[in-house]
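Hi there,

Here is the structure we talked about handing over. Please open it alongside this email, and my notes on what turned up follow below.

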Amino acid sequence: MTDRLTIRQPDDWHLHLRDGAMLRAVLKYTALQFGRAIVMPNLRPPVIDAARARSYRDEIRAALPPAFAGAGPGSKFEPLMTAYLTDSTDPDQLEDEIFTAAKLYPAHATTNSAHGVTDVAKIRPALERMEKIGLPLLVHGEVTDHEIDVFDREAVFLDRVLTPLRRDHPGLKIVLEHVTTREGVDWVRAAEGPTAGTITAHHLLIDRNAMLVGGIRPHMYCLPVAKRATHRVALLEAATSGDGKFFLGTDSAPHPISDKESACGCAGIFTAPNAIELYAEAFDQTGRLDRLEEFASLAGPRFYGLPVNQTRVTLVRGEAKVPARIDVSDEKAVHPFRGGETVAWRLEFA
Ligand code: NCD
Ligand code: ZN
């Protein structure tokens, strides 16, 4: 049994950092673990142009704790910025060097997506430009039609939207984010052209029972929603297969406890404090810890055409406690995934 695992420092290819007090409360967790993170643009208001992306990146850099200055853990963290696509995105904005990728939120699919795209036909000029300049398209892959069951929304999106989009833009880099279904895994595997899928730690560890059995558990609710157990098995197979089309994206999405524990609780699971340890647990479940580095640290940079991180981190087997709450301000706190419980690994810093 492997009890210690040293890997190149991982990157998080899908992360919500928020802004203001929430950003200041959560950033350090990601900065300690990951070399880089693709930062989602679904703020209020959303990050729709280069000027806003630049000021958001400045805000993130300024929110790093002073202790992270210098050469220690967290000091090299690099936020990679994304553009929030809207029906009226100016393709010229996407040429700005600030952007590492652009994000397609179908309008009203998830948190802060009201300004998202109402019809892919409206962003043709943006997609053509992205294809030309090599800017990856990151996709929240769910339809929003009311008549489609929430558990089917990913699979229907693949048929109705992503398959034609893939065909119409053969050179476009496409990432199907937070894949949650066997259909999603199969779609990524079969897709031609530069195609990848990110997988969250929580979708590798929980199925919908975790959310609905023994009471409704708002901290297990996210979008796309966790599916039945057979889909979790497909995700585990994909993540641990060594197929570089699949790589790490936590979709860590902090919300105040008061917004989650509500009659209409919002979507998002906050995994940042123990993200790589949770992935290690999942890989260990399948006896494939040897494939964690490919998934967490190598496949992502390869897809994005970026260098791999030079530093290494070590995971050590052993129970570590997860705090039940992390304070954001005097009134607000967030509840991390596994909060009040334990994870089976801890991260050791050299
Ligand atoms: C995300 C959020 O809170 O911003 N929520 C979530 O459940 N994943 C949005 C998203 O990525 O869908
Ligand atoms: Zn997300």
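Let me begin with the zinc ion (ligand 2): its 4 donor atoms subtend angles of 91 to 146°, which makes the arrangement irregular. Four donors would count as tetrahedral if all angles lay between 85 and 135 degrees, and the upper end here, 146°, is why that label does not apply. Please keep in mind that this is a predicted model.

Which residues hold the zinc ion (ligand 2)? The coordination comes from His14 through NE2, His16 through NE2, and Asp251 through OD, at 2.0 to 2.1 Å. Along the chain, the donors follow the spacing H-x1-H-x234-D.

Are the two histidines buried or exposed? His14 has a relative accessibility of 1% and counts as buried. His16 is buried too, with a relative accessible area of 8%. The cut-off behind both calls is under 20% relative accessible area.

Now to the aromatic residues. The structure holds 9 aromatic pairs. One of them joins Phe247 and Phe303, whose ring centres are 5.8 Å apart with the planes at 45°, so this pair is tilted. Phe247 belongs to strand E9 (residues 246-248) and Phe303 to helix H12 (residues 292-304), so the contact ties together parts that are 56 residues apart in sequence.

Phe247 also pairs with Tyr304, this time edge-to-face, at 6.4 Å centre to centre and 65° between the planes. Here again strand E9 meets helix H12: Phe247 lies in the strand and Tyr304 in the helix, so the pair ties together parts that are 57 residues apart in sequence.

How accessible are these rings? Phe247 is buried, with a relative accessible area of 0%, and Phe303 is buried as well. Tyr304, at 9% relative accessibility, also counts as buried. If you display Phe247, Phe303 and Tyr304, please add Trp13, since these four residues form one aromatic cluster.

Finally, two charged side chains are worth a look. The charged end of Lys173 sits over the ring of Phe303, 5.5 Å from the ring centre, so Phe303 is a residue to view from both sides of the story: it pairs with Phe247 and carries this charge over its ring. The charged end of Arg208 sits over the ring of Phe151, at 4.6 Å from the centre of that ring.

Best wishes

Conventions. Residues are numbered from 1 along each chain as its sequence is written. Chains are lettered from A and ligands numbered from 1 in the order in which they are written. This is a predicted model: local features need pLDDT of at least 70, side-chain atom pairs count only at pLDDT 80 or more; totals for chains, interfaces and linings use all residues. Side-chain values use heavy atoms; hydrogens and water are left out. Donors are N, O and S atoms within 2.8 Å of the metal (3.2 Å for Na, K and Ca); water is not among the atoms, so sites may look incomplete. Four donors count as tetrahedral if all angles lie between 85 and 135 degrees; four count as square planar and six as octahedral if opposite donors are over 155 degrees apart and all others between 65 and 115; anything else is irregular. Buried means under 20% relative accessible area, exposed over 50%, partly exposed in between (1.4 Å probe, protein chains only). Rings of Phe, Tyr and Trp (its six-membered ring) pair if their centres lie within 6.5 Å; planes under 30 degrees apart count as stacked, over 60 as edge-to-face and the rest as tilted. Helices (H or I, at least four residues) and strands (E, at least two) are DSSP runs, numbered from the N terminus. A charge sits over a ring if NZ of Lys or CZ of Arg is within 6 Å of the ring centre and within 35 degrees of the ring normal.
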